[in-house]
Every structure is written in structure tokens, then in C-alpha cells.
Amino acid sequence: MFKQAVKSELGQVSLTGVRSLVLLGLLIQAPRSLEEIKRLFVNLNIMDESNSYDILRIDINTLKAMGCEISRASKKTDFKYVLEKHPFVLKIDKDEIDILKKTFKKIKNKTDIETLVQYDELFEKLAGCVANEDIKQSLIGLCSLKSHNIEKIREYNKYCKAHKILTILYKSPASNEREKMEVATEKLGFKNDKVYIYGFDINKKLAVMLHIKRIVAITSARENDDNYSSEKIKTKFILKDFTVAGLEENEKIIEKNEKGYLIEGEYHNEFLAMQRILSFGSSCILLEPTDLKEKIVETLKKMKEIYNG
């Protein structure tokens, strides 16, 4: 992002330096012709319309003197200057990439969508400043949303923050049929490398999680005048000890006693509550609600039958 300069604050030497730095940024973004460079310089107020192209050629040679490799503008390059190499690259080694991977893996499932988008944009910018191709691909590989349409994510997040009711054509994982749904949106969430709309199915009266890649189309959006929302599943359980991941933002410690930690949790639906309780394994004792305890016991019995043949 370039801002317009105040030329009265720039001397001739600093103006040359500013042009060189801006030119480097422009060529890093994309190949440019002299006409494109001049137009952008004029818009940024670091060059006058009356100035000749010779000034730009001097700026290009300045960058070359600083160690940049810039190809000549020719028919082969569509008469544009191409920055092939520059000395201002980030030096990131494999060990540092491994640390980034481990750290980001721990925080990404607890991070909101807007911050995840910012992380992705940061990793992509860092990748653009790295010369080593393997390191570049490793940085791009860190992007949690790389397989998603970021503009779609921003659109869905806008709907969720406004708690709109969406009429959605949705392809259920259970069938290839397109189902028409009316969903009161609550939030956009990230779980297990997938993005979901958390909401309330008005017709079925159920809390739902809709994988955004299964949304075929959104045919309408309206205000939630009736304040539809899902009823959260509230639990209490004893946790003997914590894993490295710790608690989620929807969980809190009520007290600590000789048995462990008394935790209160609140989940979007029954499936997520069961999934979370089971993830603790033998370290967790569910106290309430009773009906969820019974369903978990039944689930464990079925799992035992399956694994025991």
C-alpha cells in the first residue's frame, strides 16, 4: 500500500530515494512498463507529468547498482521491466519453519476467522520475500484458508456478524441432493481445517454447522427480526488434568478440588459437546446434563462393539 507523498517535504536526494524504494515495491508486485511506472509515480506525487522517462531509467539503474537484477523491456516481456532477483530477501531456515508450524497449529483452531485471514495474508507476503522455493512453498502451506475463496469467507462472515437469516441451497454430506434451508446465522467458525457457518435451522428447529464448501448458493438474506438462535448445550465435567492445548474459549474452570478441575462448558450443539467430552478420554468425568451422559455411554458401547468385532 503506497501513500501519496508531500513533495514540499522531500529534497532532490530523498525524492530519488523514495522513487527507488517505490519502484522496487512496484516491480516486486508485477512487471511494469515505463508508462505504468510514470502514471503510478505521478499519482503518488513523486514525479511530475512533465518529467521525462530518463528519470525512470536512472531509477532502474539505481536499483541495479543496489544489486537488483532487472530484465530489459522487450517484446518478449511485453515491453515491461521484470524484477528477476533482488538482495532484499528474508532468510528463513527449515528449523524456523518447523517452529512456525508447531506454534500456528496450536492456536489456529482457537483463532477467529478475521485473524486467520490476516495470518494467511502475512504468510503469503512472507513467501513473496523468500528466495528459496522450498521455504516459499512451506510458508504458503501454513495458510489455513489456502483452499478457500477468501472473498466468500468475508461475505459469509459479514452475514454472520449481522446475524442475518440466509436462504441457502446446501448439498448435504449424506446425499447429493440440494436442500433448501433457512438459517439464522450466529458466527463463522474454523474447525479441523474447515470453515463452518454456525446457526439455527428455522424449519427443523435445530442448531446446525454448515461446511461453507457445501453451500451451493445463497438466494436471499434478511434481518433476524424474530431473534432466532440456537440453544447452547451446557455441560459440567471434572477434568483430572489438562492437555497442552488447554481449554477452549467456551469453557471455564469453576473450582479445583481433590478430584481435579470442575469445568463448565457451552457448545453449539450436542455433537460438538459429545466430541469434546470424548476427546478428553479417561481424564474426564461428565456430570451433567444427564441425557448427554446416557448418549455418550451408548456411543462408547457401539464403538466397543465395532472394535471388538
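I started with two helices: the axes of helix 5 (residues 113-128) and helix 7 (residues 150-161) come within 11 Å and cross at roughly 160°. That makes helix 5 roughly antiparallel to helix 7 (the label is for angles over 145 degrees). Axes here are lines fitted to C-alpha atoms, for helices over the stretch in contact, with angles from 0 to 180 degrees between N-to-C directions. Helices (H or I, at least four residues) and strands (E, at least two) are DSSP runs, numbered from the N terminus.

A note to self: this is a predicted model, where local features need pLDDT of at least 70, side-chain atom pairs count only at pLDDT 80 or more, and totals for chains, interfaces and linings use all residues. Residues are numbered from 1 along each chain as its sequence is written, and side-chain values use heavy atoms, with hydrogens and water left out.

Next I looked up who touches whom, contact being heavy atoms within 4.5 Å. Helix 5 brings Ile 113, Glu 114, Val 117 and Glu 121, and helix 7 brings Ile 150, Ile 153, Arg 154, Asn 157 and Lys 161.

Then I turned to the sheet. It is open, has five strands in the order 6-5-4-3-7, and its pairing is antiparallel (two strands pair if DSSP finds at least two bridges between them). Strand 6 (206-211) and strand 7 (215-222) are the edges, each pairing on one side only. Neighbouring strands are turned by 45° against each other on average, direction ignored.

I zoomed in on strand 4 (residues 178-191) and strand 5 (residues 194-201), which eight bridges join. Lys 187 stands opposite Tyr 198 in strand 5.

Last, back to helix 7: it lies across strand 3 (165-171), strand 4, strand 5 and strand 7, at about 95° to strand 4.

Terms used: Angles under 35 degrees count as roughly parallel, over 145 as roughly antiparallel, 65 to 115 as roughly perpendicular and the rest as oblique.
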